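User: I'd like to understand the reasoning behind the labels on this model. Could you take me through the ligand site and the empty spaces?

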Amino acid sequence: MPNDVVTMDKIVSLCKRRGFIFPASEIYGGIANTYDYGHYGVLLKQNVVAQWWKAMIGDRDDIVALDSAIIQHPKTWEASGHLAGFTDPLVDCRTCKQRFRADHLAELECGRRPSKHPGEDAQCDLTESREFNLMFETTIGPVKEAGATVYLRPETAQGIFLDFKQVLQFARRKPPFGIAQVGKSFRNEITPSRFVFRTLEFEQMEMEFFVPPDEAPKWYAHWLEERLDWYVRLGIDPERLRLRAHDPDELSHYSSGTSDVEYRFPFGWSELEGVANRGDFDLRAHAEHSGEKLEYVDPQGGERYIPHVIEPAAGVARSLLAFLCDGYDEDEIGGEPRTVLRLHPALAPVKVAVLPLLRKDGHPERARAVYEGLRKTLAAEYDEGGAIGRRYRRQDEIGTPFAVTIDHQTLEDATVTLRDRDTLEQERVSVDGLARLLQDRLAVD
Ligand code: GAP
């Protein structure tokens with residue numbers, strides 16, 4: 001797969017130009033590390049999430065779905081260790097009034113002299129480093145002072161642990177089994193983000209897989225392989241993927257082993273998702289804090305134990321960014337430069353574009369009819385505005401795998417031109433059976 005031409009500037013500009021992703025609150029000057037998703041961004045995001053659900057509950061039958069609340073009982077975060085330990089070390093500069101990650105100063109720019117790092121200039125005046133909790137706080141109740149302090153969840157995982165007992169009963173499950181959830185999480189990140197790589201609010205795709213304690217190493221290895229393979233199946237070049245085991249000093253407070261699935265972004269190797277062996281840390285902690293027994297009891301043999309947990313935890317935006325970077329390509333058609341997103345068909349926001357060659361002579365009416373037929377089963381788009389070459393270019397930039405063009409001949413023999421985004425081959429095919437043909441080529445139902 002070619003994509004040595006990709007840079008973050010090109011991705012950011014394509015996303016804005018085509019309305020995938022753009023800065024939030026732009027009319028007010030934007031807000032740090034926060035983005036909005038436009039039409040194609042929403043569709044791409046939905047497709048990424050759908051493929052994750054497919055891998056979790058469509059392709060296997062040992063995982064069930066959950067959608068837990070964003071605001072949970074505040075004791076949740078005491079038990080999970082987030083209140084005490086989910087912190088970053090920060091320093092403030094009394095001169096430029098900016099705040100910096102104390103452990104990232106060497107990579108950051110001074111607020112007044114961007115050519116220097118914070119603390120390097122004679123005028124810099126940094127405070128001592130102090131720990132800053134990343135959880136967003138808010139209040140339940142109409143009066144802030146009298147209300148209860150609660151937190152926006154910093155990970156979706158804890159909702160799964162809180163509901164472990166319920167699911168065990170309702171889903172009539174026995175370890176090994178998993179509970180999967182997709183939803184928004186929130187972290188008060190102050191490090192400047194590389195586009196959507198690190199944002200204040202983001203969607204996570206997390207699955208907690210509960211196993212008998214002695215099976216934890218086996219399932220840890222299983223999920224590492226499964227998760228790496230998911231990205232490859234969806235078209236990412238394996239050369240740009242790797243697994244990296246955390247050093248002992250990097251491990252989160254709950255983890256006895258974590259490996260990151262990393263992607264080689266234009267800015268270097270960075271985490272796409274983490275696969276952690278959380279042991280029995282979470283169930284044990286919530287059992288202690290709530291007084292509820294959170295364990296598995298075998299109804300026959302009376303066997304009883306606290307399951308261990310293997311957790312693949314992915315971020316929707318980071319996956320999406322990797323798919324965009326990996327699919328980005330530039331080539332030439334007839335001496336003209338072209339930008340193309342070679343997205344996997346399952347991820348492409350639009351599967352087929354329907355384009356009348358002319359805006360007259362009955363082309364639009366015939367094209368509309370073809371479009372109406374296709375959109376019953378495929379994500380299709382109709383476009384009649386502008387020269388045909390420009391319309392092809394537009395579809396290439398949003399990653400549409402196929403374009404169907406309606407011309408004079410269509411009116412005579414009910415055939416259309418089918419153009420392939422990647423090979424650029426054009427073939428004449430019959431309108432009858434076009435939907436089936438596309439479904440086969442796209443391998444989507
Ligand atoms: N429950 C475990 C957990 O939350 P994590 O490594 O902190 O682990 C999991 O987060 C994934 O969530 C990351 O690999 C990343 O894809 C995504 N993620 C975490 N923080 C993020 C942020 N601020 N912006 C975007 N994605 C983020």
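Analyst: Happy to; this is a predicted model, and we can start with the ligand.

User: What makes Glu155, Arg187, Glu206, Glu271 and Leu272 part of the surroundings of the ligand?

Analyst: A residue is near the ligand if one of its heavy atoms lies within 4 Å of it. The shell around the ligand holds 21 residues, and these five come nearest.

User: Why is the pair between glutamate 206 and the ligand called a polar contact?

Analyst: The cut-off for a pair of N or O atoms is 3.5 Å. A polar side-chain atom of glutamate 206 lies 2.4 Å from a nitrogen atom of the ligand, so the pair qualifies.

User: What about glutamine 204 and glycine 315?

Analyst: An N or O atom in the side chain of glutamine 204 is 3.0 Å from an oxygen atom of the ligand. For glycine 315, a polar backbone atom is 3.0 Å from a ligand oxygen. Both distances are within 3.5 Å, so both pairs count as polar contacts.

User: How much of the ligand does the protein cover?

Analyst: On its own, the ligand has 550 Å² of accessible area, and the protein covers 90% of that.

User: Which elements give two or more residues to the shell around the ligand?

Analyst: They are β10 (201–211), β13 (268–279) and β16 (308–315). β13 gives the most, with five residues. By class, the shell has ten charged, seven nonpolar and four polar residues.

User: Now the empty spaces. What makes a space a cavity and not a pocket?

Analyst: In a cavity, a 1.4 Å probe fits but cannot get out, whereas a pocket is an open set. Searching the whole structure gives three cavities of 30 Å³ or more. The largest cavity has a volume of about 60 Å³. Eleven residues line the largest cavity, and those closest to its centre are Leu234, Gly235, Phe323, Arg342 and His344. That lining has six nonpolar, three polar and two charged residues.

User: How do you know that His73 belongs to the lining of the second largest pocket?

Analyst: A lining residue has an atom within 4 Å of a grid point, and His73 is on the list of lining residues, as are Lys75, Leu162 and His286. The second largest pocket holds about 240 Å³ of space.

User: Which helices supply at least two residues each to that lining?

Analyst: α3 (75–80), α6 (164–170) and α8 (281–290) do. By class, the lining of the second largest pocket has six polar, three nonpolar and three charged residues.

Conventions: Residues are numbered from 1 along each chain as its sequence is written. This is a predicted model: local features need pLDDT of at least 70, side-chain atom pairs count only at pLDDT 80 or more; totals for chains, interfaces and linings use all residues. Side-chain values use heavy atoms; hydrogens and water are left out. A polar contact is a pair of N or O atoms within 3.5 Å; within protein, one must be able to donate a hydrogen and the other to accept it, and residues adjacent in sequence count only if both atoms are side-chain atoms. Accessible areas come from the Shrake-Rupley method with a 1.4 Å probe; for residues, only the protein chains shown count as cover. Helices (H or I, at least four residues) and strands (E, at least two) are DSSP runs, numbered from the N terminus. Ala, Val, Leu, Ile, Met, Phe, Trp, Tyr, Cys and Pro count as nonpolar, Asp, Glu, Lys and Arg as charged, and the others, Gly among them, as polar. On a 1 Å grid over the protein atoms alone, a cavity is a set of points where a 1.4 Å probe fits but cannot get out, and a pocket is an open set with protein on both sides within 12 Å along at least five of seven lines; lining residues have an atom within 4 Å of a point. Grid points are joined across faces, edges and corners, and a volume is the space filled by probe spheres set on the points.
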